[in-house]
Amino acid sequence: MSALSKVDVADNHIASLTLPKHSTLYEVDASNNELTAIDVTGLGGVEELSLYGNKLTIDLSPCTALETFSAAENRIASIDVSTVPTLTGLYLQDNELSELNISANPNIRWLNVNNNNLSALDVTAQRSLSI
């Protein structure tokens with residue numbers, strides 16, 4: 001029996017999603033659903049998390065190996081990414097962010113935060129940022 005490594009439930013009408021709590025899961029795509037929150041506790045091995053097109057809030061701190069986080073087109077007003085220094089891609093466009101601190105994320109190479117309420121953004125720590 002093989003271990004579950006990817007969950008793809010994108011493009012449904014899912015309002016609640018319970019994910020398995022084990023380290024073999026490395027990718028989750030729950031984009032374009034009706035999620036308002038998602039619990040990622042126990043998913044320290046997840047490298048890619050795609051949640052765009054929902055209405056959610058999320059605590060990313062359990063995702064210590066996360067490399068790519070996509071949560072565009074949500075209603076996210078604030079998010080703490082400081083607990084995830086492994087991030088290389090951060091996609092938070094079309095949200096309600098008024099501030100975003102990525103100083104603890106020096107590995108970010110791809111960043112999209114257009115169409116938010118940001119008045120300033122410091123990207124001096126991102127030496128490999130692709131523009």
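A salt bridge is a side-chain nitrogen of Lys or Arg within 4 Å of a carboxyl oxygen of Asp or Glu. By that criterion the structure, a predicted model, holds two salt bridges. The legends below start with the sheet and then move to these pairs, the core, two buried polar residues and two exposed loop positions.

**View 1. Six strands build an open, parallel sheet.** The strand order is β1-β2-β3-β4-β5-β6. β1 and β6 (110–112) are the edge strands, and each pairs on one side only. Direction ignored, neighbouring strands of this sheet are turned by 5 degrees against each other on average. The pairing of β1 with β2 is parallel and runs over three bridges. Across this pair, Lys-6 stands opposite Glu-27 in β2.

**View 2. Lys-6 and Glu-27 form a salt bridge.** Their closest N and O atoms are 3.6 Å apart. The pair links distant parts of the chain: Lys-6 belongs to strand β1 and Glu-27 to strand β2, with their positions 21 residues apart in sequence. The two partners fall into separate exposure classes. Lys-6 has 38% relative accessibility and so counts as partly exposed. Glu-27 has a relative accessible area of 14% and is therefore buried, since the limit for buried is under 20%.

**View 3. Lys-21 and Asp-39 form a salt bridge between loops.** The closest N and O atoms of this pair are 3.8 Å apart. Lys-21 sits in the loop between β1 and β2, and Asp-39 in the loop between β2 and β3 (48–50). These distant parts of the chain are 18 residues apart. Lys-21 counts as partly exposed, because its relative accessibility is 44%. Asp-39 also counts as partly exposed, at 43%.

**View 4. Ile-58 lies among the best-connected residues of the largest nonpolar core.** This core has 33 residues. Those with the most contacts inside it are Leu-49, Ile-58, Phe-69, Ile-79 and Leu-92. Ile-58 touches Leu-49, Phe-69 and Ile-79. Ile-38, Val-40 and Leu-51 are also among its contacts, residues up to four places away in sequence not being counted. In soluble globular proteins, nonpolar side chains tend to be buried together.

**View 5. Ser-31 is a buried loop residue with polar partners.** Ser-31 lies in the loop between β2 and β3. Its relative accessibility is 0%, so Ser-31 counts as buried. The Ser-31 side chain makes a polar contact with the side chain of Asp-29 at 2.8 Å. The side chain of Ser-31 also reaches the backbone oxygen of Ser-50 at 3.3 Å. Beyond residues up to four places away in sequence, Ser-31 touches Ala-10, Asp-11, Ser-50, Leu-51, Tyr-52 and Asn-54.

**View 6. The side chain of Asn-54 has polar contacts to two backbone oxygens.** Asn-54 is found in the loop between β3 and β4 (68–70). At 3% relative accessibility, Asn-54 counts as buried. The backbone oxygen of Ala-30 lies 3.0 Å from a polar atom of the Asn-54 side chain. The backbone oxygen of Leu-51 also lies 3.0 Å from a polar atom of that side chain. With neighbours within four places in sequence left aside, Asn-54 is in contact with Ala-30, Ser-31, Asn-32, Asn-33, Glu-34 and Leu-35. Glu-73 and Asn-74 are also in contact with Asn-54.

**View 7. Ser-23 is an exposed loop residue.** Ser-23 lies in the loop between β1 (6–8) and β2 (27–29). Ser-23 is exposed because its relative accessible area is 63%, and exposed means over 50%. Ser-23 and Ala-3 are 20 residues apart in sequence. Their C-alpha atoms are 9.5 Å apart in space.

**View 8. Glu-99 is exposed in the loop between β5 and β6.** Strand β5 covers 89–91. Glu-99 has a relative accessible area of 61% and is therefore exposed. Ala-72 is 27 residues away from Glu-99 along the chain. The C-alpha atoms of Glu-99 and Ala-72 are separated by 15 Å.

Technical notes. Residues are numbered from 1 along each chain as its sequence is written. This is a predicted model: local features need pLDDT of at least 70, side-chain atom pairs count only at pLDDT 80 or more; totals for chains, interfaces and linings use all residues. Side-chain values use heavy atoms; hydrogens and water are left out. Helices (H or I, at least four residues) and strands (E, at least two) are DSSP runs, numbered from the N terminus. Buried means under 20% relative accessible area, exposed over 50%, partly exposed in between (1.4 Å probe, protein chains only). Two strands pair if DSSP finds at least two bridges between them. Axes are lines fitted to C-alpha atoms, for helices over the stretch in contact, and angles run from 0 to 180 degrees between N-to-C directions. A nonpolar core is a set of buried Ala, Val, Leu, Ile, Met, Phe, Trp, Tyr and Cys residues joined through side-chain atoms within 4.5 Å. Contact means heavy atoms within 4.5 Å. A polar contact is a pair of N or O atoms within 3.5 Å; within protein, one must be able to donate a hydrogen and the other to accept it, and residues adjacent in sequence count only if both atoms are side-chain atoms.
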